[in-house]
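Biologist: Please show me the model, and then let us go through its parts in turn.
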Amino acid sequence: MFRALASLSESVAVEVVEGKPKEAMLRHVDVVVSTCCLEEELVHLSQMCRQINVPFVHAAVQGVCGRVFADVGQQIEFFESEDEKSGTYAIEAITQEYPAAVTIIEEQKPALVTGDRVRFWGVKGMQGLCTGNLHQITVTGLNSFTVDGLDLKEAPTYKGGGYIVPERRSHVLCTQTLTDALENPTFPLAHGKDQSRMHDMHTFFRSLTQTSKGTSQSNLSAATFLRAKEVQENLARINPSFCSKVENGDPAALFLQRAMLSGFAKSLAPISAVVGSMAAHQVIIACTRVSCPLAGWFYFDVLKLFHAAQEKEDVTRVSSAGLQNSQTAAFGRNPLATELSQLRPFIVGLGGVGCNILRLCAQMGVGLQRYNGSITIADSKAVKPFDTARGGLFTAGDLGTPKVHAASFAVNRLKPQTSIHCLHCDFENNPETFHDLFWDSIDVICCAVDTVPTRLLLDECSVQRQKTFLDAGVSGTRGSIQGVIPHQSVQWASTRDPPQAGAPSCTLANFPYMTRHTVLWAREVFDNTYFNDPHNANEYLTKKDFLEKASKNRVSYIETLRSIASTLKTSRPLSFQDCIRWARLLFEEKFNNRIQQLLHNFPESMETSTGARFWSGSKRAPRPIFFDMSNGTHLRFLVSAANLQASVYGLNGSTDMKVYREVLENFYVPPFTPQEDVRISVSDKEKTSTSSAVKQDDIDKLLTEIPKASEMAGYRLKCINFECECEPVDGNAAFAFVQSASQLRAENYDIYPPSKADVLMIAQGALPSLETTAAMAAALLCLEMYKIKAAAPLHLYQNTFFNLANSLLVSAEPVAAKVNSVPTSFGKPYVWSIWSKFEIDGTDMTLQNFLKTFEAQEGLEIEMLSYGKSLLYASFLNKKKMEERLHWTLIDLIEKISTTKVPQNQRFVTFSVGCTDGGGNDIDEQLPDVRVRIR
């Protein structure tokens, strides 16, 4: 076992020490974790740790319940975590008075409180203010505060700019000893009725651990059932009120007793993972002094899951021989374990969460071959060094191997009976792989990807295919689990958090003032340069009508033409040396030339029509940056930009500085001269009013510059998706580009520079998850799988949010799907929800027969029929055209109107319809799709 533990990470040393821990040994460790179930041993070990000031963590699982306790010591200072700390805030004004008053630019909504300590950065004027000294503040308004003890009466006038940088908050804690916590337990995460249940659970744990006194760990299971009378005696002594409830037949007490006794000393793999994740994070907190350690007891149970299982045998009649697997131990002898083995999950994404889901599924007995079960995994990436530290499935020997194959091999070593199907591909762009037969072969979709578009697509597929959808999302120490249950709950898209509001385009383009603006701008440059431009070029090369469709919007049309002309002609590299030259010019354009042009249009001394300085308030006067080969940030931008450009064009890149120096040594960068006819918009409204001035001559000129698509047959470019390619590790070009570009942008405008965490949080929308976070999310998701096979009603499912930084775990019932109703021609109403679907056998059927069949079957008349974005039929369209289409088969109709081929292995198509009800009235609510069998 310990050899397997050591193999999880080559950088971690594992040492086995025989016998009971001694004080001399404990003095050489940073933290002690005990999973011992005997109370006497626990108390003795915790007392030793407290005496020598070594943090102590306890974790245990009993049946379908688990607990964690942490004693980090006395008077220990802890700091807030990276994703909890306050950001930096741009200053609008500072007064020359005592105490000095500071106003923050309104849009930022500062999260400051009285007593916080801050320092000033980048303030112009008021020399001596930006010394790095910390100042305590008193909040006076939503966007204002005074600085305690700061006298600026004699200071120079504030000239603009500057930022407030809050100090990382801290707090000093003293936690309970285990002895005290056993006798006087607190449950800070429980509320209301949960407090009473947690207390009963706590006393039950104590009665079990005291009952096991003198029993070896290997015989603990048998001892539990053979000494049930002793358990009752301990309960009567520790918690007489609970014992009285049991004797009086209280249903809740009897239910808890049965759950606690079920499978004592056995545990479900997901419950062990939940408890283990919480305990492991307490170790991280104790070692780093970051975040808030657990105060009191953390209890976790799956009583709802226990309730959802089928009728069990009486626990008191189950022998130790019947505890051969954890499922039987926890739930008794029932079909649930076999049904889990038949389950066929589809896991999308093999990052930290996906790998943990796969491993837990195998440990749960999901997808066993002998029961015709299977696990399907999909991921398009290969194993990288960053992956070997996540999920516990990849090793250094797997580097370069497709993740799906490496993960399958690792799981089959742990559980050879597990049947795993590997799909080394993207989910989004492979309709040939994910066809009707594929969806028939799975039961539940497990989403473990970070990208919102993929999650939305999987969510839509779950509704269309009537499959359970379980989504796990993580960011830093936070995570959430959401279930979409067929015919019961709303879909994921209707309850997801709204996307964070962006910044006005003119602010990002020319007038940034927040750290967030610099990162958003850098991400926009990345997407336009390495995804949108190659994508436009590929669309032009593959679709004959691409330019015709693009020309309908003249403003975007000219930008599209410029993009294609640059990508396929003027900026097209023939060697990596060309990529280096292009990257050098890109630096000059973004951080020098454009800034010079902006200052030419709006000089630093410029005033508005009211006499106010133009560059004041949120407008920060920029300064151009001149390229310096010895500057690390300049080099990171150059190297990442050149290598990304090489990747787009299929060229081999390089990070050898000798190559860059040789290319740039004699490379001439022409000086920039500001142009008089360039207009720069100050606001988005002004930009909209001036953007329509597109000259036809400019369009015609660009059309002559673009190579003909026929001359570049077969030529394709790689589109680089930031969210798929970015990893926060050294050498990752996507991350290095956005990080260096945002830092250079901040330098242009004297904005507080973004940290690595800022770049990840703003550009990618999430921080990299810790392994403890990923394991917790995967465990909570896998617990929901039990409920699928137990056919649990909606109120037994749980959507869960957790934050390991403050030991928070909150659950809620999924939102029920909305039900609609309309009258039909049959006299009875048609009732539907998002899960409803019209189903018609349309094999060899014409459109005319289809319309008649639908009306006869459903009592509603179709007024409009569409397939994807193509409108196939509408009663208000040209009657002659519609008459012609009525005689086409459904397959011909789709292929002729949508110009897409229906694959031969596709048996069903989905139409969207607009109908009138039985009274001839238009139906305003969105009706279900029509699933039509065509073969």
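**Domains, sheets and helices**

Modeller: In this predicted model, the centres of domain 3 and domain 5, taken over C-alpha atoms, are separated by 34 Å.

Biologist: How many residues of domain 3 are in contact with residues of domain 5?
Modeller: The assignment gives domain 3 as 331-499 + 768-810 and domain 5 as 819-933. Domain 5 contributes 9 residues to the contact, and they meet residues of domain 3 numbering 19.

Biologist: Which strands stand at the edges of the open sheet of 8 strands?
Modeller: The order is β17-β16-β15-β18-β19-β20-β21-β22, and the pairing is mixed. Neighbouring strands are turned by 15° against each other on average, direction ignored. An edge strand has a single partner, so one side of it is left without a neighbour in the sheet. The strands in that position are β17 (420-423) and β22 (808-812).

Biologist: Which residue of β22 does F802 stand opposite?
Modeller: Strand β21 (residues 799-803) pairs with β22 in the antiparallel sense, over 5 bridges. Opposite F802 in β22 stands L809.

Biologist: What angle does the direction of helix α17 make with that of β19?
Modeller: Helix α17 (residues 452-464) packs on this sheet. The strands touched are β15 (345-348), β18 (444-447), β19 (468-475) and β20 (478-484). With the direction of β19, the helix makes an angle of about 165°.

Biologist: Which strands are at the edges of the open sheet of 5 strands?
Modeller: This sheet is also mixed in its pairing, with the order β25-β29-β28-β26-β27. On average its neighbouring strands are turned by 30° against each other, direction ignored. Each edge strand has a single partner strand, so one of its sides has no neighbour in the sheet. These strands are β25 (838-841) and β27 (870-874).

Biologist: At about what angle to β27 does helix α33 run?
Modeller: Helix α31 (residues 847-858) packs on the sheet and touches β25, β26 (861-867), β27, β28 and β29, its direction making about 130° with that of β25. Helix α33 (residues 890-898) lies across β26, β27, β28 and β29. Its angle to β27 is about 125°.

Biologist: What stands opposite F911 in β29?
Modeller: Strand β28 (residues 908-916) and strand β29 (residues 930-933) are paired over 4 bridges, in the antiparallel sense. In β29, the residue opposite F911 is V930.

Biologist: Is α8 roughly parallel or roughly perpendicular to α9?
Modeller: The axes of helix α8 (residues 240-247) and helix α9 (residues 251-261) come within 7 Å and cross at roughly 105°. That crossing makes the relation of α8 to α9 roughly perpendicular.

Biologist: How many nonpolar residues does the contact of α8 with α9 have?
Modeller: From α8 the contact takes F242, K245 and V246, and from α9 it takes A253, L254, L256 and Q257. By class, 1 is polar, 1 is charged, and the nonpolar residues number 5.

Biologist: In β13, which residue is the bridge partner of F78?
Modeller: Strand β4 (residues 76-79) has a covered face with I76 and F78, and an uncovered one with E77 and F79. It runs antiparallel to strand β13 (residues 170-173), joined by 4 bridges. The bridge partner of F78 there is H171.

Biologist: Is T570 buried or exposed?
Modeller: T570 lies in helix α21 (residues 554-570). Its relative accessible area is 60%, and the cut-off for the upper class is over 50%. T570 is therefore exposed.

Note on methods. Residues numbered from 1 in each chain as written. Predicted model: local features only at pLDDT ≥ 70, side-chain atom pairs only at ≥ 80, totals over all residues. Heavy atoms only, no water. Axes fitted to C-alpha atoms, helices over the stretch in contact; angles between N-to-C directions. Helix = DSSP H or I, 4+ residues; strand = E, 2+ residues; numbered from the N terminus. Parallel < 35°, antiparallel > 145°, perpendicular 65-115°, else oblique. Contact = heavy atoms within 4.5 Å. Nonpolar A, V, L, I, M, F, W, Y, C, P; charged D, E, K, R; others polar. Pairing = 2+ DSSP bridges. Buried < 20%, exposed > 50% of the residue type's maximum accessible area, 1.4 Å probe, protein only. Domains from an automatic or database assignment.
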